[in-house]
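Q: Could you take me on a close look at one part of this model, and then follow the chain outwards from there? I would like one connected account that I can check against the view.

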Amino acid sequence: MKYKGLTIGIPKEIMENENRVAAIPETVKKFKDQGARILVENNAGTGSIFNNDEYETAGAEIISDVKELFNASDIIMKVKEPKFNKSLNIHEIDMMKKDQVLVTFIHPANPSNHDMVNKLADQGVMSLSLDCIPRITRAQSMDALTSMSTVAGYKSVISAANRLPKFMPMIGTAVGMIKPANVLVIGIGVAGLQALATAKRLGAVTYAADIRPDAVEQAASLGARTVDINIPPEMAIGQGGYAKHLEEEWLQKERDALQTAVLEADILILAALIPKKIAPILITEDMVKAMKPGSSIIDISVDQGGNCALTEPGNIVCKHNITIDGTQNIPGSVPSSASFMFAHNIYNLLSLIVDDGKINIDKDDEIIKSALITKNGAIVNKDVAEEIELYKSGALK
């Protein structure tokens, strides 16, 4: 049996307002049927509307002491990166052990997570980061970043619309016509496309910007008006069709090209990301100052540092009469749907690395090579290691 002899632990998420869970009863049953022992922390799924009884019916054991769960598990499945557990006065990594496998979102490019990545290496944990899964056909069923980006793109527009001091659609009234809101989405990946589609359904006038021609074309197919960035394709498109890192000179050209559209936006959705790199700063403080009072910025890229210079990770702030949302777990506000997708993504990834009760890390496999962050006491992902060293040296500050 595939998981015979292995114990999989699912702790309750400790990030504030994080209601997602890494396994749902449906995937627990799949693991159990293939020989795994499943430990679920008490009430780990209640925020996603899955109760303890459902997990027990699926074959899980409910554990009240999370330290016991970490100690007994060969594999730990989480949604968010390990954090300091205030209620126990201990970091989650300190409850882990050498050669234990951790599968979660690590967001290793985020400077605030660099110490945590080093700590995982020092502890000897074998960690795989779901946000580093490559966008290839074979990995689609494991691509939790795509799944969560779908949620983030949808919810970001809903949240921004809720704060907006005006209607989203055009509204005809007895005293005149009220114009629709303008929504600008920067970074047209999965989250950006979902944000455009949601804003369009709500009746807004949508605008889109991306340095990649194909992404711009996709945005236009959803009815968005596109902003011409004028970055040469050879500089804009990286491996797998992702956006490439731009030098400061070209980033400034991008900011200049965005200026007019930013000034006219009522809602600005920022979703420009570069794999395993710090997110580029596209919106400066001066640009925020020039926006229309009452406008709203949602910085979806915050887990990799953020696209706005004024974003405060984890906080919603008002600066220069503009609301800037740095919420780090937007998908956590749609926990039931998000957990359903996430749980199946992580199940499919584990199916790749486990066989006959053993962990098999094939470094020649494109998916594993990209997702593996730490192993045997070291940061083994070259891109992540390089990014951390560059930031440490001050080259990326």
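**From one helix residue outwards**

A: Let us start at Q259, which sits in helix 9; helices here are DSSP runs of H or I with at least four residues, strands are runs of E with at least two, and both are numbered from the N terminus. Please keep in mind that this is a predicted model, in which local features need pLDDT of at least 70 and side-chain atom pairs pLDDT 80 or more, while totals for chains, interfaces and linings use all residues. Residues are numbered from 1 along each chain as its sequence is written, and side-chain values use heavy atoms, with hydrogens and water left out.

Q259 has 28% relative accessibility, so it counts as partly exposed (buried is under 20% relative accessible area, exposed over 50%, partly exposed in between, with a 1.4 Å probe and protein chains only). In sequence, Q259 and A290 are 31 residues apart, and their C-alpha atoms lie 9.3 Å apart in space.

Now for the sheet beside this helix. It is an open sheet of seven strands with mixed pairing, in the order 13-12-11-14-15-17-16; two strands pair if DSSP finds at least two bridges between them. Strand 13 (225–226) and strand 16 (316–319) are the edges: each has a single partner strand, so one side of each has no neighbour in the sheet. Strand 12 (residues 205–209) runs parallel to strand 13, and two bridges link them. Within that pair, Y207 stands opposite R225 of strand 13.

Two helices pack on this sheet. Helix 6 (residues 190–201) touches strand 11 (182–186), strand 12 and strand 14 (267–270), and its direction makes about 165° with that of strand 12. Helix 9 (residues 248–264) also packs on the sheet, touching strand 11, strand 12 and strand 14, with its direction at about 145° to that of strand 11. Such axes are lines fitted to C-alpha atoms, for helices over the stretch in contact, and the angles run from 0 to 180 degrees between N-to-C directions.

If you step back along the chain, G238 is in the loop between helix 8 (233–236) and helix 9. Its relative accessible area is 22%, so G238 is partly exposed. Apart from its neighbours within four places in sequence, G238 is in contact with A243 and K244, where contact means heavy atoms within 4.5 Å. N329, 91 residues away from G238 along the chain, has its C-alpha atom 27 Å from that of G238.

Back at the edge strand 16, look at the loop that leads from it to strand 17 (322–325), which holds H320. Phi of H320 is near 55°, a positive value in a residue other than glycine. Most residues other than glycine have a negative phi. With 35% relative accessibility, H320 is partly exposed.

H107 offers a companion case: its phi is near 50°, again positive in a residue that is not glycine. This histidine lies in the loop between strand 7 (101–104) and helix 4 (114–123), and at 6% relative accessibility H107 is buried.

Helix 4 takes us to another packing site. Its axis comes within 11 Å of that of helix 13 (residues 382–393), and the two cross at roughly 130°. That makes helix 4 oblique to helix 13; angles under 35 degrees count as roughly parallel, over 145 as roughly antiparallel, 65 to 115 as roughly perpendicular and the rest as oblique. H114, V117 and N118 of helix 4 meet E387, I388 and Y391 of helix 13. By class, this contact has three nonpolar, two polar and one charged residues (Ala, Val, Leu, Ile, Met, Phe, Trp, Tyr, Cys and Pro are nonpolar, Asp, Glu, Lys and Arg charged, and the others, Gly among them, polar).

For our last stop, look at strand 20 (residues 372–375), which runs antiparallel to strand 8 (residues 126–129) and is joined to it by two bridges. S127 has T374 of strand 20 as its bridge partner, and T374 in turn has I379 of strand 21 as a bridge partner. Strand 20 and strand 21 (residues 378–379) pair antiparallel over two bridges. Their hairpin has two residues between the strands, and N376 takes a positive phi near 55° there.
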